[in-house]
Amino acid sequence: MIKLVYCIAKRDDVDLADFYRIWLEEHGPLVKSLASDLQAVKYVQSHTILPQVNQMFKGARDGLGDPFEGITEVWWESEEDLTQALQTPEGLRAAARLVEDESRIIDFAKSRVFMTEEHTIF
């Protein structure tokens, strides 16, 4: 399997509580509705918690930036499945629709997205 990891920073003009509500209650169901067009097999949102612990981590690591508001993870069975999905009209429309929806709440300049392959250690 391969996985997209999306480290998400909210837009400054979006209230934090609104950000989490929109991300979970509106964007999440949209992703689920488009999963088959994208051939995605799993989607997880991880919302940042424990700000005092996050500050401790930052204080112990010189130069560490502020935490993201959370991460999104999306899994595909293979690179071929992802590539194939992004070559279909349905997959391209789904991907464009997600970017459009994300733009309501996500600061793209402060966020990061990348593809990964997991290596389980324990």
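Where in the protein is the place of Leu50? Leu50 belongs to the loop that lies between S2 and H2. This report describes a predicted model, and it returns to Leu50 in its section on loops.

## Overall organisation

The secondary structure of the protein consists of four helices and four strands. Read from the N terminus, these elements follow the order β-α-β-α-β-α-α-β. The C-alpha trace spans about 45 × 35 × 20 Å along its principal axes.

Of the 122 residues of the protein, 35% count as buried. Among contacts between residues at least 6 apart in sequence, 82% join residues at least 24 apart.

## Strand S1 and its partners

Strand S1 covers residues 2–8 and is mostly covered, with seven of its seven residues buried. Ile2, Leu4, Tyr6 and Ile8 point one way from S1, whereas Lys3, Val5 and Cys7 point the other way. Both sets are buried.

S1 pairs with two strands. With S3, the pairing is antiparallel and extends over seven bridges; within S3, Trp76 is the bridge partner of Ile2. With strand S4, residues 112–116, S1 is joined by five bridges, and these two strands also run antiparallel. In S4, the residue opposite Cys7 is Arg112.

## Helix H1

Helix H1 runs over residues 16–38. At its N-terminal end, Asp15 acts as a cap, with a side-chain oxygen 3.1 Å from the backbone nitrogen of Ala17. The helix has 23 residues, yet its end C-alpha atoms are only 29 Å apart, short of the 33 Å that a straight helix would reach at 1.5 Å a residue. H1 also contains a kink of about 35° at His27, shortly before the proline Pro29.

Many residues of H1 are named as buried, including Phe19, Tyr20, Ile22, Trp23 and His27. Further along the helix, the buried residues include Leu30, Val31, Leu34, Ala35 and Leu38. The cover over the buried residues of H1 includes S1, S2, S3, helix H3 (79–85) and helix H4 (89–102).

## Nonpolar cores

Nonpolar side chains tend to be buried together in soluble globular proteins. The largest nonpolar core of this model has 15 residues, of which Ile8, Phe19, Trp23, Trp76, Ile105 and Ile106 touch the most other members. Strand S1, helix H1 and strand S3 (70–76) each supply at least two residues of this core. Apart from this core lies another, of six residues, among them Leu30, Val31, Leu34 and Leu38.

Phe19 shows how parts of the chain meet. Leaving aside neighbours within four places in sequence, Phe19 is in contact with Ile8, Lys10, Val14, Glu69, Ile105 and Ile106.

## Buried polar residues and Lys42

Asn54 is located in helix H2, residues 51–60. With a relative accessible area of 18%, Asn54 is classed as buried because the cut-off is under 20%. Not counting residues up to four places away in sequence, Asn54 touches Thr48, Ile49 and Pro67. Asp107 sits in the loop between H4 and S4 and is likewise buried, with a relative accessible area of 17%. Beyond residues up to four places away in sequence, Asp107 touches Ala9, Lys10 and Arg11.

Lys42, in strand S2 (residues 42–47), counts as partly exposed at 44% relative accessibility. Outside its neighbours within four places in sequence, Lys42 is in contact with Glu73, Val74 and Trp75. Lys42 and Thr83 are 41 residues apart in sequence, and their C-alpha atoms are 16 Å apart in space.

## Loop residues with positive phi

Most residues other than glycine have a negative phi. Gln39, which is not a glycine, nevertheless has a positive phi of about 60°. Gln39 follows H1 and has its place in the loop between H1 and S2. Its relative accessibility is 25%, so Gln39 counts as partly exposed.

Leu50, in the loop between S2 and H2, has a positive phi of about 55° although it is not a glycine. At 44% relative accessibility, Leu50 counts as partly exposed.

Methods. Residues are numbered from 1 along each chain as its sequence is written. This is a predicted model: local features need pLDDT of at least 70, side-chain atom pairs count only at pLDDT 80 or more; totals for chains, interfaces and linings use all residues. Side-chain values use heavy atoms; hydrogens and water are left out. A nonpolar core is a set of buried Ala, Val, Leu, Ile, Met, Phe, Trp, Tyr and Cys residues joined through side-chain atoms within 4.5 Å. Buried means under 20% relative accessible area, exposed over 50%, partly exposed in between (1.4 Å probe, protein chains only). Contact means heavy atoms within 4.5 Å. Two strands pair if DSSP finds at least two bridges between them. The expected span of a helix is 1.5 Å times one less than its number of residues. The bend at a residue is the angle between axes fitted to the seven residues ending there and the seven starting there. A polar contact is a pair of N or O atoms within 3.5 Å; within protein, one must be able to donate a hydrogen and the other to accept it, and residues adjacent in sequence count only if both atoms are side-chain atoms.
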